[in-house]
Amino acid sequence: MAEPPGREETPNGIPNGTPNGTNRMINKIVQSMADAMTGIKDGSVVLLAGFGSVGQPNALIDGLIEQGAKDLTVAANNAGSGHIGLARLMELGRVRKIICSFPRSSDPVVFETLYRAGQIELEIVPQGTIAERMRAAGAGVPQFFTATGVGTKMAIGKEHREIDGRTYILEDALKGDVGLVEAWEADRWGNLTYKLAGRNFNPVVAMASELTIVQTQHIRELGDLNPDHIVTPIIFVDRVLHVPYGDPGTF
């Protein structure tokens, strides 16, 4: 397979077009967490994959904590647990708003404390809707109608429309400035596979983000990944960091 033309490898592993259109090696693998996190700005919208701890890019969350960006809006399935990962990011006062489906998951002490004190904003979105909002952003669909949420508080203030005798509400696509993803395998081009339930929100987070950063259990040589197993292709990935730590976590 020929490599795409007009790209070059920059010092931090991010491919850019060359001025003269020459073809050089694409390599999205970065060598350090600092390289992976570079350029994330205060006020960013961060899409975070994972279902509970499964498929959650915990190393990248720790890297974001170390990087220092603040005033963040984070979209995730849940609002973290205990005092690690996303919960720690919130505990440090770095998250202004969280968009999620399950804010009261196991041990949500940090979120509940912040929310009761009025120190964090919450937007609850049904699980299927938040996934579709991300997928829509990646597909270039700015808005869509869904029946989910009709007749509940989540429909307040949203456009309602009757289609074929059923009422729907209008939802906006959810686009991220940054997406943090956990993969099972990756190659240097940025093609990704996932393992079992670790797939969950990872593909749509990758699609919906301007800057997609991936931690992967395994790095494979070009051609070693079965094309039928690649769920997220090169076009949705910007940076890949090798973080081997064993099988995916459990709840």
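I take two strands as paired if DSSP finds at least two bridges between them. Note to self: this is a predicted model.

**Entry 1, the β8/β9 pair**

With that rule in hand I went to β8 and strand β9 (residues 166-172), which pair in the antiparallel sense over four bridges. To find my place on the pairing, I looked for the partner of His160, and Ile169 in β9 stands opposite.

Next I asked what sheet these strands belong to. It is an open sheet of three strands in the order β7-β9-β8, with antiparallel pairing. The edges are β7 (143-146) and β8 (160-163), and each of them pairs on one side only. I also checked the twist, which averages 40° from one strand to the next.

Which helix packs on this sheet? I found helix α5 (residues 127-139) there, touching β7 and β9. The direction of α5 makes about 150° with that of β7.

**Entry 2, the β5/β6 pair**

I moved on to a pairing of the parallel sense. Strand β5 (residues 95-100) and strand β6 (residues 121-124) are joined this way over four bridges. On this pairing I have Cys100 standing opposite Ile124 in β6. Following the chain from β5, I passed through helix α4 (residues 109-116) and came out in β6. I noted the hand of this β-α-β crossover as right-handed.

**Entry 3, rings in α4**

I then looked for aromatic pairs, and the count comes to one. The rings are those of Phe111 and Tyr115, with centres 5.4 Å apart. Are they stacked or edge-to-face? Their planes are at 20°, and planes under 30 degrees apart count as stacked, so I wrote the pair down as stacked.

How far apart do the two sit along the helix? Phe111 and Tyr115 are four residues apart in helix α4, so about one helical turn separates them.

I also checked burial for both. Phe111 has 3% relative accessibility, and the cut-off for buried is under 20%, so Phe111 counts as buried. Tyr115 comes out at 43%, which lies between the 20% and 50% cut-offs, so I have Tyr115 as partly exposed.

**Entry 4, Arg188**

Last stop was Arg188, which I found in the loop between β10 (176-186) and β11 (192-193). Is Arg188 buried or exposed? The relative accessible area is 18%, under the 20% cut-off, so Arg188 is buried.

What does the side chain of Arg188 reach? I traced it to the backbone oxygen of Ile26, at 2.4 Å.

Technical notes: Residues numbered from 1 in each chain as written. Predicted model: local features only at pLDDT ≥ 70, side-chain atom pairs only at ≥ 80, totals over all residues. Heavy atoms only, no water. Right-handed = clockwise from strand over helix to strand, strands pointing away. Axes fitted to C-alpha atoms, helices over the stretch in contact; angles between N-to-C directions. Contact = heavy atoms within 4.5 Å. Buried < 20%, exposed > 50% of the residue type's maximum accessible area, 1.4 Å probe, protein only. Polar contact = N/O pair within 3.5 Å; in protein donor to acceptor, adjacent residues only side chain to side chain. Phe/Tyr/Trp six-rings, centres within 6.5 Å; stacked < 30°, edge-to-face > 60°.
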